[in-house]
Amino acid sequence: MNSCQNSDCHCRTDSMPMVIQLADSKPPTGDSLTFRIENMDCPTEEALIRSKLSKMPGIDHLKFDLIQRTLTVFHSSGNVDSIQAALISVGMKPALIDKVNSPSNSLQQSTSFITESRKKLLMLGIGGVVAAVSEIMAWTTGKESSWEVMLLSLIAIAVCGLGTYKKGWIALKNFNLNINALMSMAVTGAMLIGQWPEAAMVMVLFALAEEIESRSLDRARNAIHSLMALSPDKATVMQADASWNEVEIKNVAVGSLVRVKPGERIPLDGIVVSGRSSVNQAAITGESIAVTKNPGDPVYAGTINETGSFDYRTTVEADHSTLARIIKVVEEAQSNQAPTQRFVDRFSKIYTPAVLAIALSVAVIPPLVFSAPWVDWIYKALVLMVIACPCALVISTPVTVVSGLASAARAGILIKGGIYLEQGRQLKSIAFDKTGTITQGKPVVTDVVALSGHETDGLHLAASLAARSDHPVSSALSAYWNDQAQNKALAPASDFNATAGRGIKGRINNKWYFLGNHRLVEELGICNAEIEAVLDKLEEAGKTAVSLCDEFVVLTVIAIADPVRETSREAVANLHALGVHTVMLTGDNPHTAKVVAEKVGIDDARGNLLPEDKLSAIHEEMLRYGCVGMAGDGINDAPALAKASIGFAMGAAGTDTALETADVALMDDDLRKIPLFIRLSRRTAAVLQQNIAMALSIKILFFVLAISGNASLWMAVFADMGASLIVIFNGLRLLKPLPLLRKT
């Protein structure tokens with residue numbers, strides 16, 4: 001029976017591998033279909049698909065992931081064919097995700113993609129040469145509407161622009177004015193007013209810019225795909241006849257015995273059974289220093305076995321490994337819109353119609369009211385139509401957010417969603433649990449103080465009760481008893497019970513005994529001056545004092561110390577450098593809390609806190625500082641983690657409950673990752689602001705140039721697609737890792 005001893009309870013078996021369950025908000029109910037759409041990588045396609053599918057009966061919700069080119073349709077209609085037909089009708093190429101994930105189909109798609117890419121480059125080369133020849137002929141002869149120039153221009157437009165015209169026609173049929181529709185109208189308008197060479201060159205430049213943009217976005221996709229490539233496809237598994245054979249990891253059952261040789265990647269999560277080695281866990285924790293693995297230690301899929309060979313028993317299936325969960329968290333996080341992205345999407349819905357209305361006014365009002373030349377003002381309107389596309393503005397946020405999330409994942413920081421990546425910069429205060437967060441969570445017994453002459457019996461009775469609890473303090477006491485008593489048999493305890501924030505009790509030889517903290521002794525009414533003196537002396541030394549009592553007297557006081565993590569002091573110092581206030585919330589006694597806080601430099605320490613007290617403390621911090629974080633690893637921390645603006649869970653030492661409740665997981669339990677997260681958040685916010693400012697500035701500049709007649713169609717294409725490329729490359733800068741410690 002596993003029970004909690006006090007409010008710092010963690011209730012975790014160290015031999016179990018960590019589980020990543022950063023649950024997002026509940027998805028819409030009903031059935032769901034996930035499609036991979038290879039030609040969906042821009043907000044243009046998203047808007048077109050959303051416009052088409054949202055009108056269909058039975059469609060409840062659409063979830064887009066432009067970076068991974070996937071669409072999840074939540075529906076109640078059950079008509080898969082009609083959904084696929086609707087996607088095909090708007091020019092998409094949908095494939096159910098399970099079909100895409102099959103090895104044969106993946107190979108076919110990869111080959112198809114390479115062939116298609118080469119074909120595009122060839123067509124762009126031909127179209128570019130033909131368009132350049134038409135431009136040279138028009139310039140040398142001065143005849144832009146000669147049949148030779150017109151023919152060459154039409155060839156260039158046909159070679160490079162048929163796809164754009166097709167997409168533009170589909171968009172117009174669905175009353176969606178995306179970039180393809182705007183570009184089609186602009187090029188057609190240019191031909192109608194006799195600007196044939198320019199129409200050809202604009203179409204070639206647009207096709208070239210789209211290809212460059214698509215290839216640039218692949219860098220963001222590769223940031224996630226690189227995680228997927230970490231896990232090997234096969235594992236060496238022991239068979240029923242004791243032989244070893246290679247088996248695809250998807251076919252390896254839980255409980256199988258797997259052998260890993262030096263230099264190989266570990267294929268699945270599990271527990272080491274035999275052998276000893278050093279394993280590089282950088283893929284999971286972000287820390288490149290190898291970790292020694294002995295029998296009983298957990299190992300994770302995607303990590304590298306550096307030295308010896310060992311056998312381990314798998315604990316989860318391939319699609320539930322820690323690495324698989326990390327990938328899932330990153331993918332789901334980047335597909336959930338961040339606040340800035342939601343703002344940009346709302347703004348773009350107003351921006352495009354507004355600019356188109358202005359373009360129509362520019363084309364019509366000056367000629368009708370002021371008798372201005374029609375051709376000149378129609379040309380200016382066509383330039384405005386190209387500028388009207390908000391692609392650069394809309395694409396800037398998802399690329400920036402996914403780059404930030406991928407960079408964090410590489411550093412061993414799992415962020416649940418873009419909202420937390422953006423919100424991290426606003427943190428003004430961080431609250432920490434003590435045991436397992438500030439400290440290592442592996443306490444050891446330092447003192448045994450006998451009262452009333454019961455040292456031997458007291459320790460024996462305390463160990464008998466502690467054997468029924470999974471709390472780290474109980475584990476330390478049990479280990480100490482085994483060392484001292486040389487495995488002497490423990491007394492059986494019945495009627496065992498635990499009281500949160502106080503301790504445990506049980507009946508031994510028909511007599512009640514209690515094992516707990518200072519508060520428990522006081523509530524039993526058996527605390528006196530002698531007991532207080534002993535407890536205060538131990539607690540002032542920074543130790544946790546646990547008392548064994550019967551119903552009338554304290555028999556033995558046992559002191560336990562939990563070493564502080566080596567990185568805790570550096571983490572707190574870095575938070576202070578960032579202007580963040582720190583506080584420690586613990587169920588341990590106030591004296592110990594104060595000593596530990598002083599060791600690591602924490603501003604404020606509060607002890608004797610029950611889970612509900614921690615929740616109240618977080619509420620007080622939020623009233624005082626606004627945006628507050630909470631870092632913890634135990635079940636008792638879950639309410640405070642949920643209440644805080646951002647909850648940080650210790651990914652390796654933390655319980656499943658803490659991991660599920662938290663918004664961010666620190667995979668290697670290194671608290672220095674919290675200031676790193678804040679710095680990454682500030683950097684992401686700065687890049688988002690830069691991208692929005694650059695996109696809008698370029699649009700405004702060319703808007704003025706177009707009205708004044710100083711911008712041409714090809715310049716507008718450069719402005720529009722150039723802005724998209726600028727914000728994409730600026731967002732990709734976040735993939736460059738930040739140093740763990742700030743140099744001051």
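# Exercises on strands, cores and confidence

Strand 7 (residues 257-260) and strand 13 run antiparallel and are joined by 4 bridges. Strands here are DSSP runs of E with at least two residues, helices are runs of H or I with at least four, and both are numbered from the N terminus. Two strands pair if DSSP finds at least two bridges between them.

Some ground rules: the model is predicted, so local features need pLDDT of at least 70 and side-chain atom pairs count only at pLDDT 80 or more, while totals for chains, interfaces and linings use all residues. Residues are numbered from 1 along each chain as its sequence is written, and side-chain values use heavy atoms, with hydrogens and water left out.

## Exercise 1: around strand 13

Find which residues stand opposite each other where strand 7 meets strand 13, then look for other pairings of these two strands.

*Step 1.* Start with strand 7: Val 260 sits opposite Phe 310 of strand 13, and Val 258 has Tyr 312 as its bridge partner there.

*Step 2.* Now take strand 8 (residues 270-275), which is antiparallel to strand 13 and linked to it by 5 bridges. Ser 274 has its bridge partner in Asp 311 of strand 13.

*Step 3.* Go back to strand 7 and you'll find strand 5 (residues 234-238), paired with it in the antiparallel sense over 2 bridges. There, Thr 236 faces Arg 259 of strand 7.

*Step 4.* Check the burial of strand 13 (residues 310-314): 4 of its 5 residues are buried, so the strand is mostly covered. Buried means under 20% relative accessible area, exposed means over 50%, and partly exposed lies in between (1.4 Å probe, protein chains only).

## Exercise 2: Asn 280

Is Asn 280 buried or exposed, and what does its side chain contact?

*Step 1.* Place the residue: Asn 280 belongs to strand 9 (residues 277-280). That strand is part of an open antiparallel sheet of 3 strands in the order 10-9-12, with strand 10 (291-293) and strand 12 (304-305) at the edges, each pairing on one side only.

*Step 2.* Find the bridge partner: strands 9 and 12 are joined by 2 bridges, and Asn 280 is matched with Ile 304 in strand 12.

*Step 3.* Read off the accessibility: at a relative accessible area of 16%, Asn 280 is buried.

*Step 4.* Look at the side chain: a polar contact of 3.5 Å links it to the side chain of Glu 306. A polar contact is a pair of N or O atoms within 3.5 Å; within protein, one must be able to donate a hydrogen and the other to accept it, and residues adjacent in sequence count only if both atoms are side-chain atoms.

## Exercise 3: a sheet and its helix

Work out the order of the strands in the open sheet of 6 strands, and say which strands helix 18 touches.

*Step 1.* The order is 16-21-20-19-18-17, with antiparallel pairing. Strand 16 (444-450) and strand 17 (494-499) are the edges: each has a single partner strand, so one side of each has no neighbour in the sheet.

*Step 2.* On average, neighbouring strands in this sheet are turned by 15 degrees against each other, direction ignored. Axes are lines fitted to C-alpha atoms (for helices, over the stretch in contact), and angles run from 0 to 180 degrees between N-to-C directions.

*Step 3.* Helix 18 (residues 529-540) packs on the sheet, touching strands 16, 20 and 21 (554-561), and its direction makes about 5 degrees with that of strand 21. Contact means heavy atoms within 4.5 Å.

*Step 4.* Zoom in on Asp 536, which lies in helix 18. Asp 536 counts as partly exposed, at 24% relative accessibility. Leaving aside neighbours within four places in sequence, Asp 536 is in contact with His 518 and His 591.

## Exercise 4: core and confidence

Which residues touch the most other members of the largest nonpolar core, and where does pLDDT stay under 50?

*Step 1.* In this core of 61 residues, they are Met 183, Val 187, Val 383, Leu 713 and Val 717. Helix 7 (residues 196-228) supplies the largest share, 11 residues. A nonpolar core is a set of buried Ala, Val, Leu, Ile, Met, Phe, Trp, Tyr and Cys residues joined through side-chain atoms within 4.5 Å.

*Step 2.* For confidence, use pLDDT, the predictor's confidence in each residue from 0 to 100. The chain's mean is 80, with 83% of residues at 70 or more. Over residues 1-27 pLDDT stays under 50, and over residues 99-114 the value is also below 50. Where pLDDT is low, the predicted coordinates should not be read in detail.
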